[in-house]
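I opened this notebook to record what I looked up in one structure, going from single positions to the whole chain and back. The entries follow the sequence of my queries.

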Amino acid sequence: MRRYGKHTDEDDIRTRPNRRGNRPRTSIRPKHEDAAEGMVLTVDRGRLTCLVDGRTVMAMKARELGRKAAVVGDRVALVGDLSGQKDTLARIVRIEERSSVLRRTADDDDPYERVVVANADQLAIVTALADPEPRPRLIDRCLVAAYDGGLDPLLVLTKSDLAPPEKLLELYGDLDIPYVVTSREELETGDAADRVREHLDGKVTAFVGHSGVGKTTLVNALVPEDRRRMTGHVNAVTGRGRHTTTSALALPLREAGGWVVDTPGVRSFGLAHIDPSRVIHAFPDLEPGTEGCPRACSHDEPDCALDAWVAEGHADPARLYSLRRLLSTRERREGD
């Protein structure tokens, strides 16, 4: 049945009112070409502290980003109040492409992937040589995550006055990983920070380690003034005396020109998200030998072409052993 005449006007057309009283949704999104560039320093209860033109600005994620989350280290575009003054809030409208990502899962059966930090250049794995005892399997898992995410690893071994480092370093000698060995006295005097700082020049470095290894003490020694300043800023926003290592925190290295990212202490480092086939990229001397491997080769089976590649003298057998040990970490618990 025809509702309107042959010649209708716009005013004659009945429209259904919007019951919510807001504007109808549209798929067209603004480009925000005039948005300012910033870097995420920390995330706390949906609020993100960002560095914009030398100012710390509090921001929240724009609804148009959907479920995409910004993490510490992300380069972002912001609009709104960028003054950094108290009680002001900006909006993050764009998350730029990431150059690297450090991910982990709660355990190897957990499908939920957690991004710890973005755009870091290297991963400093802090491990005590005693009290608590070193956990090589946890170190292996951190190495796999670093290689998979595009980060260069750095071993920082603490408490060398309680145990010698040679036995642990022997496990990783064939991986050519740079390392720093420190004692408890050096941590207290700041000498440890001076030697670690030599490896941080101009880089974004994420620090990981489980409780009691001296990670936070080392980070505090590296950036004492900025740590206190950022802690005060975060607490002023949340209104609570929350310990900042419950969430990742990026701090600038003034003299070295780099960044330190302090991450929460880890009890486990799940690798459910890791594709084992990508770990081989960290072994450029072995990677050409995989061309003769069968499809979906685990690189630890009778038909693996790497055995012949090594036997022909193209690579050191110890390197193949290191690769296979790292690949097997997903099937083993950290404490095994």
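**Entry on H210.** I started with H210, which sits in the loop that runs between β11 (204-208) and α5 (215-222). I kept in mind throughout that this is a predicted model. Is H210 buried or exposed? I found a relative accessibility of 11%, and because the cut-off for a buried residue is under 20%, H210 counts as buried. I then listed its contacts, leaving out residues up to four places away in sequence, and found that H210 touches P132, E133, R135, L138 and V266.

**Entry on α5.** From that loop I moved on to the helix that follows, and noted that K215, L218, V219 and L222 are buried in α5. They lie on the same side of α5, because the arc they cover around the axis is only 100°.

**Entry on the whole chain.** I next looked up the overall make-up, which comes to 8 helices and 13 strands. Of the 336 residues in the chain, 46% are buried. The exposed surface of the chain is about 18,800 Å², and carbon and sulfur atoms supply 46% of that area. I also checked how far contacts reach along the sequence: taking those between residues at least 6 apart, I found that 65% join residues at least 24 apart.

**Entry on the nonpolar cores.** As background I wrote down that nonpolar side chains in soluble globular proteins tend to be buried together. Which residues touch the most other members of the largest nonpolar core? I found L102, L123, L143 and L323, within a core of 54 residues. Helix α1 (residues 136-149) gives the largest share of this core, with 8 residues. Apart from this core lies another, of 21 residues, which includes V126, A128, V180 and V196. Returning to L102, and again not counting residues up to four places away in sequence, I listed its contacts as R114, V115, V116, V117, L123, A145, A146, L151, V208 and F269.

**Entry on A77.** My last query was A77, which belongs to strand β4 (residues 75-80). A77 has a relative accessible area of 1%, so it is buried. Setting aside neighbours within four places in sequence, I found A77 in contact with A35, A36, R91, I92, V93, R94 and E96. I also compared A77 with G38: the two are 39 residues apart in sequence, and their C-alpha atoms are 6.1 Å apart in space.

Technical notes
Residues are numbered from 1 along each chain as its sequence is written. This is a predicted model: local features need pLDDT of at least 70, side-chain atom pairs count only at pLDDT 80 or more; totals for chains, interfaces and linings use all residues. Side-chain values use heavy atoms; hydrogens and water are left out. Helices (H or I, at least four residues) and strands (E, at least two) are DSSP runs, numbered from the N terminus. Buried means under 20% relative accessible area, exposed over 50%, partly exposed in between (1.4 Å probe, protein chains only). Contact means heavy atoms within 4.5 Å. Accessible areas come from the Shrake-Rupley method with a 1.4 Å probe; for residues, only the protein chains shown count as cover. A nonpolar core is a set of buried Ala, Val, Leu, Ile, Met, Phe, Trp, Tyr and Cys residues joined through side-chain atoms within 4.5 Å. The arc is that of the directions from the helix axis to the C-beta atoms.
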